[in-house]
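Q: Walk me through one part of this model up close, please. Start with its surface, then follow the contacts and charge pairs outward from there.

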Amino acid sequence: MLLNQYLLLAAALFCIGVYGVLTRKNGVMVLMSIELILNAVNINMVAFGVHNAEAGAASVGGAVFALFIIAVAAAEVGVGLAIVLLIYRNRRSINVADASLMKG
Amino acid sequence: MSLMSTPLFAAAAAETFQPASWLFDNVWIVPALPALSFALILLFGKNFAKHVHILGIAAVATGLLFSTVTAFAWITQYEDEQSHHGPAEEDHSEEEGAGGFVTIANADEEGDGHAEEESDGHDDSGGEIAARGCNVEENNHGRFGPEAASQFIGEDEYALTDASEIAATAEEGEEGGGGEHIKPAAVVNCLDWFETGSFGSDIGASGDEAAQGGRTLKFSIGTIADGQSIMMLFVVTFISLLVHVFSTEYVKGDRRYVHYYAFLSLFTASMLFMVLSATTLQLIVGWELVGVCSFALIGHWWEDQDNSNAALKAFLTNRVGDIGLLIGMIVLFFGAGQTFDIMTINHAAVTGGLSQTTMTVASLCLLTAVMSKSGQFILHTWLPDAMAGPTPVSALIHAATMVVAGIYMVGRLYPVFWNGLMIPGSSFNILAFVGALTVVGGGALAFVQRDIKKVLAYSTVSQLGYMVLALGVGAWTAAMFHLFTHAFFKACLFLGAGALSHACHHSFDMKDEMGGLRKKMPITYATFLIGTFALAGLFPFAGFWSKDEILVGTGGFPGTDANGTYTLLLIMGLIGAAMTAGYMTRAIWLIFFGEYRGHDHPHDPPRAMSWSLIILAVFATFAGFLNIPADWFGPIGERYGLKFEQWFEPGGGDVFPVISHGDSNLLLAILATLAAVGSAYVVWTYYQRLYAKNPAATEYSDGIRTKNSFASAGYTLLENKYYLDHLYTGIITGFTKGPLARAAYWVNQNVIDEVIDTAGRTATSAGRFVYKFIDQGTIDGAVNLSGNSSSDAGQVLRRLQSGSIRQYASLMFGAATVLAAVFIVAV
Amino acid sequence: MANLLLLGQQTGNSWDLPANIAFYVIAVIAIGSALRMVTTNNVVHSALYLLLVLSSVAAVYILLGAEFVAATQVLVYIGAILVLLIFGVMLTRARIGIDDDLNYEQRWIGLGVSSLLFVVIAYSLWDFYGSDTRLVGYEPQRTREVADSIFSTYIVPFEAISVLLLAALIGAVVVARRD
């Protein structure tokens, strides 16, 4: 098994996630794509953790940080959905393109 | 050996003993009680809204009981120790002194054996007890080692010589006081909150990381029980209790009664928390909590725009200083070897573990915090506006909690200021100068106020200036003593003002609503008068003793051997004393004499209020006797003099600088009293003459102001508060809001947009140009293409500012990718 | 490149070959369903494809020996987050079924950016780790070790995360509350 197998899989998932974030209009689907990105990062974490463990240091650090990221992702989805619901309530639409208040 | 060194080392390594009591280990209970009451009021207050004050009063009263008992235990242990060691003590110290450099060797030993000495916690053996902080062992391993000690001796020669002089004078000064005293060491109790792993060194190393100096960072919380904090515990709980009681009548029926009492409790709790803090982190937390509570209470009646503006002003002005506080604390954290522990920082400051530059920078940053919190000149402007809050809150803010936080902080980290600003032996330092400027500036402003609370507010500013002045010239005890006495008489005056407004239509206007009240409100009159006497520093009221001590502490008067000779500051202090008496006489006359100018039937306040006033008046009268000079009143002075200094001044040579105490001087006291009485007399005759002319008038229609343009200009300057508010809101904020914001907007509109628009326009016109002129020529397919594509480019560039999140995200990701690619290719 | 494709040729490790086969099966499922997830025109299908991706990522964790992470992935992601997302779809009354208005018109921007990103990442990974950095002979991580290190070495981030979760909880309530 090569380390690169995992890293490349993670890279592919990450880029697909980025594609989703950039092309989807629906707020919930943007959130789903972000989950994809976070998962890709998690694969990296665990793979590097295993890679480091081989070097002799007793380390489950990668796995622990993957767990932390899962927790952060849960928090992120909670807040993100709250924001999406708020936008929906105010504008009857969750089209991200409509939320263009940042226009100068 | 030499004559000089004998007193030096005897004094430098002052004898300490370790007080021990269950009370000192559990002082955390005092802030915990009001905090508990806050939580209970917040959770259940609505169920018994009318009686919510019972909870607050009970909590604070228990706290007061606890702190009184603690103070007595502290005093008793001190006195016991003196009577045990008293006579033998002097021989002992001289023997040691004869050894000459014994103490230096001692210092070395202390450095080496630091870890052992610290780690065993309660070391009750008499003799020398080193600083015991929260996290001494690991962090400072080797820091106070032999190198540090020898460096201290080698490089900082001035410190040595100065210290010897000071010690000599100290010795001289205390001869009258009955010889050397054994100082109580602080009782520090810490709890490790958490500790970071020893980062950096854990790979490979297994067992002996600590020995290799693997750094661990401990976050501790704890309490310091020493003279300073125990004194403050008493003052805060005492004033707070009376304010609680007073408020039961004053804010009766208020629509946010529950809210009021909840925040009163939290205010008390956070001040107590700050007072007891053993680490700088806790200090910052307490400091900010106090700020938040004062914000909430000043804006208690926020429906009125002015009140909420005043609250905001207080909060924002304090933010300015808080930045200084943060920076100062960070500097100290790194300077003292990555520790938040106050005792360790103090120890490092005294023994030379902190460099001179570090201490100077830190103390200047902290000075900003003091200036904002304790209302020192140029950042004092929030304090008079803070009068928008309910009057009992003003009393609490001005007497015991908010504004003395800055004074307390300087006192707590005194070695840093002492060495950082080079208080010993310099003839100018910025701390004392800021204080003196505040004394005079604040006092002058008090003359032109109509609002009685504003008079008192400026008087607080000026009195705080005295405290800072005293700290600046090295008179630590005088500053703390003035804090102590000031708490009583200022609370008395503020609550008196509350009683007055309670009687007069809830107005504070001295000129329109008051006058001639001395017959109508006799209790208020008597207590207010006593408070005024104390504030003006008349014998034998409390303010006399503390103010006298500050004036002595400047060392400007011949014959008072203090830490320096600050003649200018002495003069400013005297002017301040005269001003205090002057504006207070003016206030007294306008309120209590002349004709009644309001239209109501004023009467003395209800019982809860008048008893609070009477108790405070009693304290304002007698609190000063705690620290009468030792050479006055013959044997009484010798036996009972300077008790405050002996009980509450920190000892233990290595966490507190060796400061000398000035000799009290009868002539100076008479001079100060004369200044006060003289100025009061001038003001008094001014108003008496006015009264003779026209009983209803409050000022001359053809006074000096109308005749003399210089006086008139001065009056306008004062009336506009030195234009400081204009400076802040008009010029600084205005500049940021106006020209600066406009400039930014202009840049945005004209430069950035223009670049994009021009790019677009140029591209379009280039396309048109090309189309127009070359199209007529020959084959124009390629030309058309280039024209159109550059036109498209212009359109795309224009759309950079679309506001679409997606587009921004694409740009961000794209740019990050390009950057990453550049890195990969380049590296 | 050859090493990457010829499964476990030089390692001599007996379970390397099956592991490789499993990996590629999982990888194909993961990438395929991820692609479908971002391209499908049906919101509910998209969520279901996300389910597939998350499950295959959990399988990848098991391949890597991180069993506890895999379990957490299933519990938290599939059990909670996905359900939450589907609730989000329902609450915002998205159209169930084909919806043609889910994507921006100019997909090429996203396509360009993400493929550029992939090229850059893949190039740098290949450049740095190549085909000679192997994961050999690793043991499955015991849950006990994970727990030990969370509560000793990583206690500070753990506390920080718990505070963060609390803040997110309060934030979500505040944001979504109807006033």
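**Chain C, its contact with chain A, and the charge pairs**

A: Chain C has an accessible surface of about 10,100 Å², and 68% of that belongs to carbon and sulfur atoms. Bear in mind that this is a predicted model. Of the 179 residues in chain C, 38% count as buried. The fold is helical: seven helices and zero strands, which reads along the sequence as α-α-α-α-α-α-α. If you take the contacts in chain C with a separation of 6 or more, 61% of them come from residues 24 or more positions apart.

Now for the partner. Chain A and chain C bury about 7,200 Å² between them, and 76% of that sits on carbon and sulfur atoms. On the chain A side, Met1(A), Tyr19(A) and Arg24(A) lose the most area to chain C, together 11% of what that side buries. The contact draws in 70 residues from chain A and 85 residues from chain C.

What about charge and polarity across that boundary? The salt-bridge count between chain A and chain C is zero. Polar contacts do turn up, though: seven residue pairs across the interface of chain A and chain C, both partners at pLDDT 80 or more. As for which parts of chain A do the touching, the elements that give two or more residues to that side are α1 (3-23), α2 (27-54) and α3 (61-91) of chain A. Of these, α3(A) gives the most, with 24 residues. Sorted by class, the side of chain A that touches chain C has 52 nonpolar, twelve polar and six charged residues.

With zero salt bridges between chain A and chain C, where do charge pairs show up? Over all chains the structure holds five salt bridges, and three in chain B are worth a look. Start with Arg319(B), which forms a salt bridge with Glu288(B), the closest N and O atoms being 3.0 Å apart. Arg319(B) lies in helix α14 (residues 305-335) of chain B and Glu288(B) in helix α13 (residues 280-298) of chain B, so the pair ties together parts that are 31 residues apart in sequence. Arg319(B) itself is partly exposed, at a relative accessible area of 34%.

Arg319(B) has a second partner: its side chain meets that of Asp322(B) in a salt bridge at 3.2 Å, N to O. Both residues sit in helix α14 of chain B, three residues apart, about one turn of the helix. The general geometry helps here: an α-helix has 3.6 residues a turn, so residues three or four places apart point the same way. Unlike the partly exposed Arg319(B), Asp322(B) has a relative accessible area of 3% and counts as buried. Put the pieces together and Glu288(B), Arg319(B) and Asp322(B) form a linked network of salt bridges.

Helix α14 of chain B has another charge pair. Asp385(B) forms a salt bridge with Lys313(B), with the closest N and O atoms 3.1 Å apart. That pair links distant parts of the chain: Asp385(B) is in helix α17 (residues 382-385) of chain B and Lys313(B) in helix α14 of chain B, 72 residues apart.

Staying in chain B, look at Ser372(B), which lies in helix α16 (residues 356-373). Ser372(B) is buried, with a relative accessible area of 0%. Leaving aside its neighbours within four places in sequence, Ser372(B) touches Thr317(B), Asn318(B), Gly321(B), Leu379(B) and Trp382(B).

Further along, helix α18 (residues 391-399) of chain B is mostly covered, with nine of its nine residues buried. Among the buried residues of α18(B) are Pro392(B), Leu396(B) and His398(B).

For contrast, finish with Phe72(B), in helix α4 (residues 52-98) of chain B. Phe72(B) counts as exposed, at 56% relative accessibility. From Phe72(B) to Ile230(B) it is 158 residues in sequence, yet 9.8 Å in space, C-alpha to C-alpha.

Note on methods:
Residues numbered from 1 in each chain as written. Chains lettered and ligands numbered in written order. Heavy atoms only, no water. Contact = heavy atoms within 4.5 Å. Buried area = accessible area lost by both parts, 1.4 Å probe. Salt bridge = Lys/Arg side-chain N within 4 Å of Asp/Glu carboxyl O. Polar contact = N/O pair within 3.5 Å; in protein donor to acceptor, adjacent residues only side chain to side chain. Helix = DSSP H or I, 4+ residues; strand = E, 2+ residues; numbered from the N terminus. Nonpolar A, V, L, I, M, F, W, Y, C, P; charged D, E, K, R; others polar. Buried < 20%, exposed > 50% of the residue type's maximum accessible area, 1.4 Å probe, protein only. Areas by Shrake-Rupley, 256 points an atom, 1.4 Å probe, with all protein chains shown as cover.
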